[in-house]
Amino acid sequence: MSQRRFRLPSPALVVSMLALAVALGGTAFAANSAIAKSKNSDRKADTKLIKKLAPTLSVKHAKTAASATTATSATHAASADSATNATTATNATNATNATQLGGVAASSYLTNSGTIFVSTGSDNWHPLNSGDQVIWTFFDNSTVMTSTAPGSISFVAHPSLPTILYGKKLEATAATLCYSAAPSAKIDLITVAQNTYSNSGSGDRVVLVDDDTTRTGSACRTYVFANPATLSSLDDLNIDVDVAFSGAGKEFDLGMSGITLMPTTAAASASKS
């Protein structure tokens, strides 16, 4: 039986095969190197573009926004120029509808709005002239002036008013007076005035109310000032009531009286030294 015999490859063929393998490997290596260099170049370009655009970017509807130029509907906004509808806003230039500001609930802050009423107090009243003789009787709900002779007596009160609230000026807008008069003890004049003590112990007087209607009976009257009086630390207000008594033993009753104030946004200066 004959056997087939295999011939070994020639040396030239072996050399040529090795050369082909090396060439193919070098091509693959070159291709992989080119791809890697391309990816690195793209990453650098993307990073450069993001850094360039970053200052103009804004954050919306984020759960947390820190140091953002604008933060809208964020759960927390810290150091944002503007924070809208944030649950918590810390160090924001503008914060709208925030539940908390600096971690403090909105209910803990005092709004600069609403009226303030300051009662005169019954023991603030006295005769304008020291020579006017009258007997004073103080009850829980009224102050009674009883005349010792016929004549007209002026009663005046200077309510102790705050003129500045948290560094902002206050303005007086109205005065209220409750009384019980009679034909034998009738009101001839009600005056409210603003006094400004800028240069001396005698204040410059501006009349805010001047009611010269003769009044009897019982009433509570509120006089709204035509022009609200802006107050400073050098201002006060006084209420004057002129009562005409027909004889001795006639009674005039005063009840509650006071001044209504409103806060302003105008900054108040320190008191004059």
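The following paragraphs lead through the overall make-up of the chain, one of its sheets, its aromatic cluster and its disulfide.

The model is predicted. Its chain of 273 residues has 28% of them buried, and its secondary structure consists of 1 helix and 21 strands. When contacts between residues at least 6 apart in sequence are considered, 63% join residues at least 24 apart. The accessible surface of the chain amounts to about 17,300 Å², and carbon and sulfur atoms account for 55% of that area.

Attention may turn first to a sheet. Strands of a sheet pair through backbone hydrogen bonds, in either a parallel or an antiparallel sense. Here, 5 strands form an open sheet in the order β11-β14-β20-β17-β18, and the pairing is antiparallel. The edges are occupied by β11 (126-127) and β18 (204-211); each has a single partner strand, so one side of each is left without a neighbour in the sheet.

The register within this sheet can be followed from strand β17, which spans residues 185-196. Towards β20, β17 pairs in the antiparallel sense over 11 bridges, and Thr-191 stands opposite Asp-240 of β20. Towards β18, the strands β17 and β18 also run antiparallel and are joined by 7 bridges. In β18, Arg-205 is the bridge partner of Asn-195, while Asp-204 stands opposite Thr-196.

The aromatic side chains supply another set of links. A pair of aromatic rings is described by the distance of the centres and the angle of the planes. The structure holds 3 aromatic pairs. In one of them, the rings of Trp-136 and Phe-155 have centres 5.7 Å apart and planes at 90°, so the pair is edge-to-face. This pair links distant parts of the chain, since Trp-136 belongs to strand β12 (residues 134-138) and Phe-155 to strand β14 (residues 151-157), 19 residues apart. The two partners differ in exposure: Trp-136 is partly exposed, with a relative accessible area of 24%, whereas Phe-155 is buried, with a value of 0%.

Phe-155 also takes part in a pair with Phe-245. The centres of these two rings are 6.5 Å apart and their planes stand at 85°, so this pair is likewise edge-to-face. The pair again links distant parts of the chain, with Phe-155 in strand β14 and Phe-245 in strand β20 (residues 235-245), 90 residues apart. Both Phe-155 and Phe-245 are buried. Taken together, ring pairs link Trp-136, Phe-138, Phe-155 and Phe-245 into a cluster. Strands β14 and β20, which carry Phe-155 and Phe-245, are adjacent in the order of the open sheet described above.

The last feature is covalent. A disulfide is a covalent bond between the sulfur atoms of two cysteines. The structure holds 1 disulfide, which joins Cys-178 to Cys-220 with an S to S distance of 2.0 Å. The link is right-handed, with 115° about the S-S bond. Cys-178 lies in strand β16 (residues 168-181) and Cys-220 in strand β19 (residues 217-230), so the pair ties together parts that are 42 residues apart in sequence. The surroundings of the two cysteines contrast: Cys-178 is buried, with a relative accessible area of 9%, while Cys-220 counts as exposed, with a relative accessibility of 57%.

Key
Residues numbered from 1 in each chain as written. Predicted model: local features only at pLDDT ≥ 70, side-chain atom pairs only at ≥ 80, totals over all residues. Heavy atoms only, no water. Helix = DSSP H or I, 4+ residues; strand = E, 2+ residues; numbered from the N terminus. Buried < 20%, exposed > 50% of the residue type's maximum accessible area, 1.4 Å probe, protein only. Contact = heavy atoms within 4.5 Å. Areas by Shrake-Rupley, 256 points an atom, 1.4 Å probe, with all protein chains shown as cover. Phe/Tyr/Trp six-rings, centres within 6.5 Å; stacked < 30°, edge-to-face > 60°. Disulfide = S-S within 2.5 Å. Pairing = 2+ DSSP bridges.
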